[in-house]
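Reader: Hey, I'm new to this one. Could you pull it up and walk me through it?

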Amino acid sequence: MNTLLELLQDNARLSCEQLAVMLGTTQEEVQKQIDEYEKKGVIRGYHTLINWEKADANRASALIELRVTPKRNSGFDEIADKIMQFEEVESVYLMSGGFDLAVRVNAPTMQDIALFVARRLATLESVLSTATHFILTRYKDGGVVLDPEDERDERRNMICD
Amino acid sequence: MIEYSQMMNPAVLEIPPSGIRRFFDIANEMEDVISLSIGEPDFVTPWHVRQEGIRSLEDGKTWYSPNRGFSELRVEISKCLQRHCSLTYDPDQQVLVTVGGSEAIDLCFRTLLAPGDEVLVPQPSFVCYVPLTRMAGGVPVVIETKAENKFRLTPEEIEEKITPRTKLLVLPFPNNPTGAVMRREDLEAVAKVVKKHNLLVLSDEIYSALTYGDQLHVSFASIEDMAERTIVVNGFSKAFAMTGWRLGYAVGPKEIIAQMTKLHQYGIMSAPTTAQYAAIEAMRNGDSDIQYMRSQYDMRRRLIVDGFNKMGLTCFEPEGAFYVFPCIRSTGLSSEDFCEQLIYNEHVAVVPGPAFGACGEGFVRVSYSYSIRHITEALHRIEHFLEELRA
């Protein structure tokens, strides 16, 4: 039932009733599937996609590349686990290629992020180096184009003359 | 001072304006209008298809194509019709690539009709058949299909309108605006009448890729003995979301296609070259794109049909295209008043049924070629509109 997941990923506010109609099944069946996905950890939350630039909030974001020394037994898991604990950290990915961990960080200002990297991340025992890239503008996030102007419907009516 | 109206063809001047421009003028001036009125896919042409168009430009393929279209494309069209509709057409003699399905329809009328020949046009249907018949010197004879027949055409309805001058029957299925689909048995019944009265058929199957449920599209030409009497019109616009590329085709008996090609070569020369290269890719590798788009339309279709039925606007379940055609008689309003009040009060634009023929009165056409979010919001507003009406 991947379609259900796709529909929810696109719009988590669809009701079970609407989902059932679209999928040609019953409300109960949809509810059961969702419960199961939640229990198994397939569905891990229902977030709101916010364009913070428009919300007038103080907020800076950065992508930080980390090179780290993996531990003999736990590999990258241990350091990733440590980094996850910081509340400034939005996401942590283990990467292939030129560095090891990609960390996305949010804080009120760029200065806060710089301090966070210098004091909290760079000082972690197995971290070899960091490279901080500030995010300047988000055009698209979570599969959604953030400025509605960019999504204007340019189709026209062809039967009105 | 030139009296222009005296200088032009009266037949053109007599074509009435469609009368719904007013709505779109209103809609265009409003902020925050939600439209469910557009008749083209909301998907963009699949990337691999666009890429082939771009590649042909990069390679400098900017010349005319052969009059009847590139032979590679005609071969793909022929294979595609075999694969999806079990139709067999010789790509060299029985396929003509046109500028959209619309050109093919126009060519067909102008090739077949002698002055005074009658053309049976089932309505509600797309707006072009009547004016194009007239411009070709023919006489359109309207057949009104009915909601109680699921807007399918019955043999009795055809028989009623047949005269010694009847030459051609238009079969606009899957239907815009009703979403009606003719099943095999319905087509077989029509075929008997066609044979009995020695008619030709223009089967406009532009929505053939968009049918829902277990029933796949059945082409009228695949019914026994009908290929020799049928010109099938189809195209790339709806199936592959390629409306702006302007590419369609006609297939049929080689004698008729040859004459249509003659008109096409003088009036048009050849269909757009870039579009043809893209279309070759679409036909070769686009079946999965169609599947994907169809499954998306299908979910929206279920959502919107359910929405209207719950609001008490009875909505016959459409089996094809991307429109629903709910009956609005229970509101006591005419189609036009309904649409006008809906746009003024709730800023939602839909098309009055009579735009598709007088028998569309009492209905409105609602397109679901929109995102689910857009559809949900529009349904919400329409529901509010009905609550206010009843209050």
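Reader: Let's start with chain B. Which domains is chain B divided into?
Author: This is a predicted model, to say that up front. Chain B splits into domain 1, covering 4-44 + 289-390, and domain 2, covering 47-286.

Reader: And how many Å apart are the centres of those two domains of chain B?
Author: Going by C-alpha centres, domain 1 of chain B and domain 2 of chain B are 25 Å apart. Where they touch, domain 1 of chain B puts in 32 residues and domain 2 of chain B puts in 34 residues.

Reader: Which elements on the domain 1 side of chain B supply at least two residues to that?
Author: Those are α12 (287-311) and β9 (323-324) of chain B. The largest share on that side, seven residues, is from α12(B).

Reader: What sort of residues are on that domain 1 side of chain B, the one touching domain 2?
Author: There are 19 nonpolar, six polar and seven charged residues on it.

Reader: OK, switching to the two chains. How many residues does each of chain B and chain A give to the contact?
Author: Chain B gives 17 residues and chain A gives 11 residues. On the chain B side, α3 (21-29), α12 and α14 (372-390) of chain B are the elements giving two or more residues.

Reader: Which of them has the largest share there?
Author: That's α12(B), with four residues. By class, the side of chain B touching chain A comes out as nine nonpolar, three polar and five charged.

Reader: Now chain A. What are its domains?
Author: Chain A has domain 1 at 2-40 and domain 2 at 60-136. Taken over C-alpha atoms, the centres of these chain A domains are separated by 35 Å.

Reader: How do α1 and α2 of chain A cross?
Author: Helix α1 (residues 2-10) and helix α2 (residues 16-23) of chain A have axes that come within 11 Å and cross at roughly 135°. Because of that angle, α1(A) counts as oblique to α2(A). The crossing is right-handed.

Reader: Which residues make the contact between them?
Author: From α1(A) you have A:Thr3, A:Leu4 and A:Leu7, and from α2(A) there are A:Leu19, A:Met22 and A:Leu23. In classes, that is five nonpolar, one polar and no charged.

Reader: What's the strand order in the chain A sheet?
Author: The order is β2-β3-β1-β4 in chain A, an open sheet of four strands with antiparallel pairing. At the edges are β2 (89-94) and β4 (127-134) of chain A, each pairing on one side only. Neighbouring strands are turned by 20° against each other on average, direction ignored.

Reader: How many bridges are there between β1 and β3 of chain A?
Author: Seven bridges, with β1 (residues 60-68) and β3 (residues 101-107) of chain A running antiparallel. In that region, A:Ile64 sits opposite A:Val103 of β3(A).

Reader: Which strands does helix α4 of chain A lie across?
Author: Helix α4 (residues 77-84) of chain A lies across β1, β2 and β3 of chain A, and runs at about 170° to β2(A).

Reader: Last one, back to chain B. How do α6 and α10 cross?
Author: The axes of α6 (residues 100-112) and α10 (residues 254-267) of chain B come within 9 Å and cross at roughly 110°. So α6(B) is roughly perpendicular to α10(B). This crossing of α6(B) and α10(B) is right-handed. The residues that meet include B:Leu107 and B:Cys108 in α6(B), and B:Ile256 and B:Met260 in α10(B).

Note on methods: Residues numbered from 1 in each chain as written. Chains lettered and ligands numbered in written order. Predicted model: local features only at pLDDT ≥ 70, side-chain atom pairs only at ≥ 80, totals over all residues. Domains from an automatic or database assignment. Contact = placed C-beta atoms within 7 Å. Nonpolar A, V, L, I, M, F, W, Y, C, P; charged D, E, K, R; others polar. Axes fitted to C-alpha atoms, helices over the stretch in contact; angles between N-to-C directions. Parallel < 35°, antiparallel > 145°, perpendicular 65-115°, else oblique. Left-handed = near helix turned anticlockwise from the far one by under 90°. Pairing = 2+ DSSP bridges.
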